[in-house]
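Dear colleague,

Please find below the structure that I am handing over to you. My notes on it follow directly after.

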Amino acid sequence: MASSSSVPLLATASGASVKIWQSVSSSPLILSPTVSPVARRLASVAWNHTGAVVASGGLDGHVILHHTSGAIIGSVPEETSSTSLSSSSPPSGGALAAAQGGSLDAIYALCFSKGSRYVATAGASTDVLVWDLKKRVCAKVLVGHTAPVYAVAYSHGDTHVASAGSSGSILLHSQVSGVRVGELTPTGVSASSLPAVNALAFSPLEHGRLASVDDDGTVRIWDATSRTSVCEARRWHDGGATAVAFHPSDAGVLCTAGADKCVTFFDPSVKTATTKLSLPDAVLCCALSSDGNLVAAGLRGGSAIIYDVRRPNVSLCTLAAGSDAEPVVSIAWQARGASGAEVLSSPAPSSSEATRTTPLRTTTTTTTPAAPPSASTAVAAPASRAEAEAATTSTTPASSAFSSIVKAKKSLEEEMAEILAETTPAPPPPRSAPAAAAKTMSTPANVPPPRATPAPPPPPPPTIDMDAMRDVVSDAVREAVNDAVGDAVRDAVREVQLAQIRHQMEIMDVVETLRQEVRALSSSLHTSQ
């Protein structure tokens, strides 16, 4: 296997624990459950964008966040015990209704937003919950499904949340408003016979491209903007497809896995497999590393196998991630920009530091958490978003460009505030009788004055998540600036290339003129002789 200095960490979920692997030769760091192992059986695991926090969700309905040192950072909903919620429980609704009685619906899938401010969870309930990790509350309840939900994914830029499950339909919700904005369903298939969708993935390169795989083994690629199917490969996997992922640097490659013991790299343009890996057992999950060179597959038999995509003939290693009774149900590579060696070279945070530098405060549990590793294998807590931005502006040469982006973002926020102020209706003035009528009108004796009709209450202002809107605006401004800079650079390069071509043509014209003069001079010399 490649050296640990360049290989990211790998997280595997099986049974009631998450294991973090640094290299083949070392033992994994096992993140212990915070409640009963039976109730804490896991179904999904994911890294945050810094690569320093691992989130896991399971049958107990909680998302537990661990630092890679093994320390528990927090959970949503917050716990005061293994079966009850704290006083800051999120609002009731759908999946949270049962929580008020002491239990939560099982979580089957979870996904971080781009900046890890939000985490979306889906499971046995028909609702998808969006948790605000900064405020430690449920920010959105996305409704519309009629059956359990098996997959959830954020779009590029966090503008939409896609979810799908047992009903076979893929729903799109706005991250800002929480409103359902679209539905993706295959053509030519009745709603009652749609196979369950097991996994979703948005393309990191082509905005709006969404891939799905389902129980009949079909792979589909959708255009989430136009709500249409772009590509379809029916029964690509025998026995059902279980996982899908876009290649991080090649828009024409899709990685899929299934119960037929195969992991394939799929070319949607020709609907053929460019690479096919045969494994010893059914594949329940798979993941591509951030550079696209490594693929890890979790098997039903409890092992995880890693391949180098550039040399797929032989596997790099097999990890004992689970057992026959505990299959590997979820697997995830550490995010881009943080390798195992970099993480393991920093000191582990204290409990107070973890509480101060992370969005969730440390929770108190009834069991003893796993002992943190030694100083040589500890992991530093991630810096806050504000600290990261401040470090970027003070240490990078592009501080002036970043400053302009911040100013543009602030200007857009001010415009949004003005628009909201204008669109919020003001309460109507109190009704009063005209002065002239008041003078001439007299009230008969023993007759009570007429009761004034109360003014109708003003309509409530629109509910808009300003934090989510700011994130969307920030990403849009950043992308617009990047596009503008890229266009300017391309135009400059094109002008330089055209100038070089014109210069070469001028030189060729001069050479051709000299050649003709030489021929004329030579001809005149032959004539004179």
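Two residues are said here to be in contact when they have heavy atoms within 4.5 Å of each other. The model is a predicted one, in which local features need pLDDT of at least 70 and side-chain atom pairs count only at pLDDT 80 or more, while totals for chains, interfaces and linings use all residues. Residues are numbered from 1 along each chain as its sequence is written, and side-chain values use heavy atoms, with hydrogens and water left out.

With neighbours within four places in sequence set aside, Ala120 is in contact with Ala109, Leu110, Cys111, Val128, Leu129, Val130, Val152 and Tyr154. Ala120 also belongs to the largest nonpolar core, which has 17 residues. A nonpolar core is a set of buried Ala, Val, Leu, Ile, Met, Phe, Trp, Tyr and Cys residues joined through side-chain atoms within 4.5 Å. Buried stands for under 20% relative accessible area, exposed for over 50%, and partly exposed for what lies in between (1.4 Å probe, protein chains only). The residues with the most contacts inside this core are Ala120, Val128, Val130, Val152 and Tyr154. Two or more residues each come from strand 8, strand 9 (118-123), strand 10, strand 12 (149-154) and helix 6; helices (H or I, at least four residues) and strands (E, at least two) are DSSP runs, numbered from the N terminus. Helix 6 gives the most to this core, namely four residues. Another core lies apart from it and has 16 residues, among them Ala257, Leu279, Cys286 and Leu288.

Strand 8 deserves a further note. Five of its six residues are buried, so that strand 8 is mostly covered. Strand 8 pairs with strand 9 in the antiparallel sense over five bridges, where pairing requires that DSSP finds at least two bridges between two strands. Ile107 stands opposite Gly123 in strand 9. The two strands, 8 and 9, form a hairpin with five residues between them, and Ser116 in the turn has a positive phi of about 65°.

There is also an open sheet of four antiparallel strands in the order 4-5-6-7. Strand 4 (42-47) and strand 7 are its edge strands, each pairing on one side only. Neighbouring strands of this sheet are turned by 20° against each other on average, direction ignored; the axes are lines fitted to C-alpha atoms, for helices over the stretch in contact, and angles run from 0 to 180 degrees between N-to-C directions. Within the sheet, strand 5 (residues 53-58) and strand 6 (residues 63-67) are joined by five bridges, and Val53 stands opposite His67 in strand 6.

I turn last to the salt bridges, each being a side-chain nitrogen of Lys or Arg within 4 Å of a carboxyl oxygen of Asp or Glu. The count comes to ten. One of them joins the side chains of Glu78 and Arg136 (3.5 Å, N to O). This pair links distant parts of the chain, 58 residues apart: Glu78 is in the loop between strand 7 (72-76) and strand 8 (107-112), and Arg136 in the loop between strand 10 (128-132) and strand 11 (137-142). Glu78 is buried, at 7% relative accessible area, whereas Arg136 is partly exposed, at 25%. Glu512 and Arg515 form a salt bridge with their closest N and O atoms 2.9 Å apart; both lie in helix 6 (residues 466-528), three residues apart, about one turn of the helix. A network of salt bridges links Asp214, Arg220, Glu232 and Arg234.

With kind regards
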